[in-house]
Amino acid sequence: MTIVRTLVPLNMYVVTYQLAYGRPYSKFEELLLKAINESADTGGRTSRELGDIFKVHVRLLTEGLVTLIQEGWVAMEQRGSEIYYLVTEQGRATVASGRRPSNLRVRTSHAKIVRERLTGQMTRASDLTLITVNALRRAANRAVHKEALQPRLIRTKINGGEAERLLPRSDQHQEWVRWIDSAARVSQDLHYLPVRVDLHSGNVLGLPYQWQHLAQMICHEARERREEFEADPAFQAELQRVMQDSTEAVIDDVPTVAHWAVPYAQAPITCADLTLRGGHGRALAEGLLARAEGSVLIVTGNLDEPTAVATKDAVIALRRRGVHCDVLWSCDDEAAADSIQRRVTAIRADDSLPGKVQFNRARAEWVADMIITVTADGPVAAIGAGLFGGAERDGELRPALRLTDPGIAAALARVCAGWWEELPANEGALPAHRWKHLAEQWAGEAATAPAPNQTIVGVGCPDNPSVECAGRAIVLVGPQQAAFQTNLSAEAGQRYLRTESDGRADRLVAETTHLPDAVGRLYRVVGGADGWRTLHRKGDSWSVEVTEAPPPSRSQRLLAVNGQWLVTCGDPARSSVAFCVEGHVGEHAWVRAMNGS
């Protein structure tokens, strides 16, 4: 028999969240309501009188009146041949509040989210054909979990921000996620996804399209445990019966990686938003912090002594300006952790400074290098490996990305709030609350903007103003980035760049030469812990050259295929953050990388 059936272990979460829809009324509608309210003692106003006051087209006036009537703030009264508009008690209370009128509506909803326990990917429970332990218990000769695939990931908590993209909302009302409860209920070893594995072809039937990257892992374990699975024919028959009614389709033709790893968030960018070298990324971070107002979140991964000193100095400078800072730090070097902890603690040495600071006492898990801040122009976020560090790292290839879309800033702030909530003993309660509140504010601003996510046009490329500079940034969270990288690696491409600080370049070269190739002369560049290699291929012949370049930094991993640049940091099994740039920005990045700029 070449077909075996098994179970993918799952965690089930019930997430509570709030959805909002509506918009703030325009300044004209606000003034229109006030004008009608001022006539309350004289019996209201006619449309002719209102037209004389505002001098606008009758159509605009009518639309404003209809909006206020639908909201219940204005009523109509006919007297003879004239219609008078009068303010209602609710409208009078709205004017008295002094706030701009808004028709914002909020409702609470719940969603069932599942996470597979092999790599940690999540999806909606409604997208899967699930089976419970109780439905299988009688058919198994032993415990059901022993008939399932071996879990490789032990995570019982869920980061609310990580689940945001999966929470259902109404497209008709253009709802957006306003708030996510951090306390999600979880059940473990109670729900499974039945799959059918063809050991001969390697196909796995029953997986949703976004989990197709699991097929190779599942097939490998099924082959190793084939005799074990076949030893219980009654259980195999029961799984066959369960799966007969489900759709078992193999996805053979998925054209892009976007079908495998749906972006957590995406936004238009220009070449000015992407830096490649450590020095440029550091300048980007310094410029962003110089514009900071109110609150700043700094997340630093793999701190060393020089980076810890630079971070401390930056935060103290912010405090002197009255800016409140939240610093979430991690360090991979156990020997240096105590010294770095003292450096970070020195941020609070002077309590006379107006700005306040919060930070984790013990080192946290490595999740990202990131800055999120409030500026006069709105929220701005920066992600990447080039944000922190001294001048000695200025020449390293350490990409960093600036994002000005308030919707992405809101999404990242929610994820960051989840990181703070993972700290022990409520240590991060205040920063978590602060960034959840800011995320709620920014999400509303993004949703009610006149033209959200509008594509950037008419911006000249910094190196060639005659070329329209535009591209797209994709933000990936958690295990999503592993699936994205797996499928990006498999794409044929003439240009290929990969850095991996924990692996030798020779091993990376061996892996690279087996990747699919297009016809013609190809080149690929790989960088490991011991340096760099440049590969050239013409026909079936490969040649390898040693490239003089500094080894990749431990704080980032980079994979670039043609015009797509994927930058990852942190542990992808957690809710760490990565980004990918593509389009003209990605193409232009190749020119800059090859020129060493």
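**Exercise 1. How much space lies in the largest cavity, and which residues line it closest to its centre?**

*Solution.* This is a predicted model, in which local features need pLDDT of at least 70 and side-chain atom pairs count only at pLDDT 80 or more, while totals for chains, interfaces and linings use all residues. Residues are numbered from 1 along each chain as its sequence is written, and side-chain values use heavy atoms, with hydrogens and water left out.

Step 1: fix the term. On a 1 Å grid over the protein atoms alone, a cavity is a set of points where a 1.4 Å probe fits but cannot get out, and lining residues have an atom within 4 Å of a point. The volume is the space filled by probe spheres set on the points, which are joined across faces, edges and corners.

Step 2: read off the volume. The largest cavity holds about 100 Å³ of space.

Step 3: find the lining. Of the 13 residues that line the largest cavity, Gly-160, Gly-161, Ile-180, Arg-414 and Lys-436 are the closest to its centre. The elements that give two or more residues to this lining are strand S8 (176-180) and helix H13 (406-421), and H13 gives the most, with four residues. Here helices (H or I, at least four residues) and strands (E, at least two) are DSSP runs, numbered from the N terminus.

Step 4: sort the lining by class. Ala, Val, Leu, Ile, Met, Phe, Trp, Tyr, Cys and Pro count as nonpolar, Asp, Glu, Lys and Arg as charged, and the others, Gly among them, as polar. On that basis the lining of the largest cavity divides into three nonpolar, five polar and five charged residues.

**Exercise 2. Describe the second largest cavity by its volume, its lining and the classes of its lining residues.**

*Solution.* Step 1: the structure holds three cavities of 30 Å³ or more, and about 70 Å³ of space lies in the second largest.

Step 2: the lining of the second largest cavity consists of Gly-120, Gln-121, Met-122, Glu-162, Arg-165, Leu-166, Tyr-264, Val-477, Pro-479 and Gln-480. By class, five of these residues are nonpolar, three polar and two charged.

**Exercise 3. Is Thr-123 buried or exposed, and which residues does Thr-123 touch?**

*Solution.* Step 1: Thr-123 lies in strand S6 (residues 122-124). Leu-166, named above in the lining of the second largest cavity, is among the residues that Thr-123 touches.

Step 2: Thr-123 counts as buried because its relative accessibility is 0%, where buried means under 20% relative accessible area, exposed over 50%, and partly exposed in between (1.4 Å probe, protein chains only).

Step 3: leaving aside residues up to four places away in sequence, Thr-123 touches Ile-113, Val-114, Leu-128, Leu-166, Gln-210 and Trp-211, a contact being heavy atoms within 4.5 Å. The side chain of Thr-123 also makes a polar contact with the side chain of Asp-127 (3.5 Å). A polar contact is a pair of N or O atoms within 3.5 Å; within protein, one must be able to donate a hydrogen and the other to accept it, and residues adjacent in sequence count only if both atoms are side-chain atoms.

**Exercise 4. Work out the length of helix H10 and the surroundings of its buried residues.**

*Solution.* Step 1: helix H10 (residues 278-290) has 13 residues and reaches 18 Å from its first C-alpha to its last, close to the 18 Å expected at 1.5 Å a residue. The expected span is 1.5 Å times one less than the number of residues.

Step 2: the buried residues of H10 are Gly-278, Gly-279, Gly-281, Leu-284, Ala-285, Leu-288 and Leu-289. Their packing partners are strands S12 (274-277), S13 (295-300), S16 (370-375), S17 (378-384) and S18 (397-403), together with helix H11 (305-320).

**Exercise 5. Compare the settings of Asn-426 and Asn-562.**

*Solution.* Step 1: most residues other than glycine have a negative phi. Asn-426 has a positive phi of about 55 degrees, and Asn-562 likewise has a positive phi of about 55 degrees.

Step 2: Asn-426 lies in the loop between H13 and helix H14 (429-448), whereas Asn-562 is found in the loop between strand S26 (557-561) and strand S27 (564-568).

Step 3: Asn-426 is exposed, because its relative accessible area is 67%. Asn-562 counts as partly exposed, because its relative accessibility is 25%.

Note on methods:
1 Å grid on protein atoms, 1.4 Å probe; cavity = no way out; pocket = protein on both sides within 12 Å on 5 of 7 lines; lining within 4 Å.
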